[in-house]
Amino acid sequence: MNKLEEFDYINKLLSLYEPLLTNTQQDIMKQYYAYNLSLSEISDNKGISRTAVLDCLHKSIAKLKDYENKLQLLKTKDKLLSKIEDIKKDLSIAKIEELERMIDDGIWIINWSIKWHYKKA
């Protein structure tokens with residue numbers, strides 16, 4: 001996994017498991033991952049060392065990955081989203097076929113009513 005994929009993965013984990021982190025971990029993770037602040041900027045904001053920020057990030061990431069390994073919410077969410085996309089594709093075909101049937105039925109009804117009208121006249 002490259003750095004961008006890892007960054008995206010951590011953001012997804014954070015969005016799912018953020019409430020399970022401490023307030024400090026949540027704050028530092030948000031500053032780093034959501035607001036894209038540097039370690040120095042975060043350490044200045046929090047009044048702690050860069051090493052403490054980095055340590056917090058590493059521990060928080062380990063926690064998030066541990067939660068995912070145990071609960072697999074992200075994996076399940078991704079599977080469900082994939083299934084939804086498959087269903088959407090199938091529905092599109094089904095909708096097209098339904099429209100074709102409606103058009104055919106509509107034409108049949110129009111033809112029938114024309115014939116009925118002329119028979120009556």
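Select Met-29 in this predicted model. Show its contacts, leaving aside neighbours within four places in sequence. Met-29 then touches Ile-10, Leu-14, Leu-21, Ala-34, Leu-57, Ser-60, Ile-61 and Leu-64.

**The core around Met-29**

Keep Met-29 on screen and add Ile-10, Tyr-33, Leu-57 and Leu-64. These five touch the most other members of the largest nonpolar core, which has 17 residues. Which elements give two or more residues to this core? They are helix H1 (3-17), H2, helix H3 (39-46) and H4. H4 gives the largest share, 6 residues. In soluble globular proteins, nonpolar side chains tend to be buried together.

**Along H2**

Now select residues 23-34, which form helix H2. H2 has 12 residues. From its first C-alpha to its last it reaches 15 Å, close to the 16 Å expected at 1.5 Å a residue.

Colour the buried residues of H2: Gln-25, Gln-26, Ile-28, Met-29, Gln-31 and Tyr-33. What covers them? The cover includes H1, H3 and H4. Step just past the end of H2 to Asn-36. Here phi is positive, about 55°.

**Gln-31**

Go back into H2 and pick Gln-31. Is Gln-31 buried or exposed? Its relative accessibility is 7%, so Gln-31 counts as buried. The cut-off for buried is under 20%. Look at what Gln-31 touches, not counting residues up to four places away in sequence: Asn-36, Leu-37, Ile-42, Asn-45 and Lys-46.

**Where H2 meets H3**

Show H2 and H3 together. Their axes are 10 Å apart, and the helices pack at an angle of about 140°. H2 and H3 are therefore oblique to each other. Their crossing is right-handed.

Select the residues on both sides. From H2, take Thr-24, Asp-27, Ile-28, Gln-31 and Tyr-32. From H3, take Leu-39, Ile-42, Asn-45 and Lys-46, which they meet. Gln-31 is one of the H2 residues at this meeting.

**Where H3 meets H4**

Keep H3 and bring in H4, residues 50-71. At what angle do H3 and H4 pack? The angle is about 105°, with the axes 8 Å apart. That makes H3 roughly perpendicular to H4.

On the H3 side, select Leu-39, Ser-40, Ile-42 and Ser-43. On the H4 side, they meet Arg-50, Val-53, Leu-54 and Leu-57. Leu-39 and Ile-42 also appear in the meeting of H3 with H2. Leu-57 is also among the contacts of Met-29.

**Arg-50**

Zoom in on Arg-50, which sits in H4. With 47% relative accessibility, Arg-50 counts as partly exposed. Which residues does Arg-50 touch, not counting those up to four places away in sequence? They are Leu-39, Ser-40 and Ser-43.

Now draw a distance from the C-alpha of Arg-50 to that of Ser-38. The two residues are 12 apart in sequence and 9.3 Å apart in space.

**The whole protein**

Zoom out and colour by secondary structure. How many helices and strands are there? The protein has 5 helices and 0 strands. Read along the sequence, the pattern is α-α-α-α-α.

Select every residue: the protein has 121, and 20% of them count as buried. Finish with the contacts that have a separation of 6 or more. Residues 24 or more positions apart account for 56% of them.

Key
Residues numbered from 1 in each chain as written. Predicted model: local features only at pLDDT ≥ 70, side-chain atom pairs only at ≥ 80, totals over all residues. Heavy atoms only, no water. Helix = DSSP H or I, 4+ residues; strand = E, 2+ residues; numbered from the N terminus. Buried < 20%, exposed > 50% of the residue type's maximum accessible area, 1.4 Å probe, protein only. Contact = heavy atoms within 4.5 Å. Core = buried A, V, L, I, M, F, W, Y, C linked by side-chain atoms within 4.5 Å. Expected span 1.5 Å × (residues − 1). Axes fitted to C-alpha atoms, helices over the stretch in contact; angles between N-to-C directions. Parallel < 35°, antiparallel > 145°, perpendicular 65-115°, else oblique. Left-handed = near helix turned anticlockwise from the far one by under 90°.
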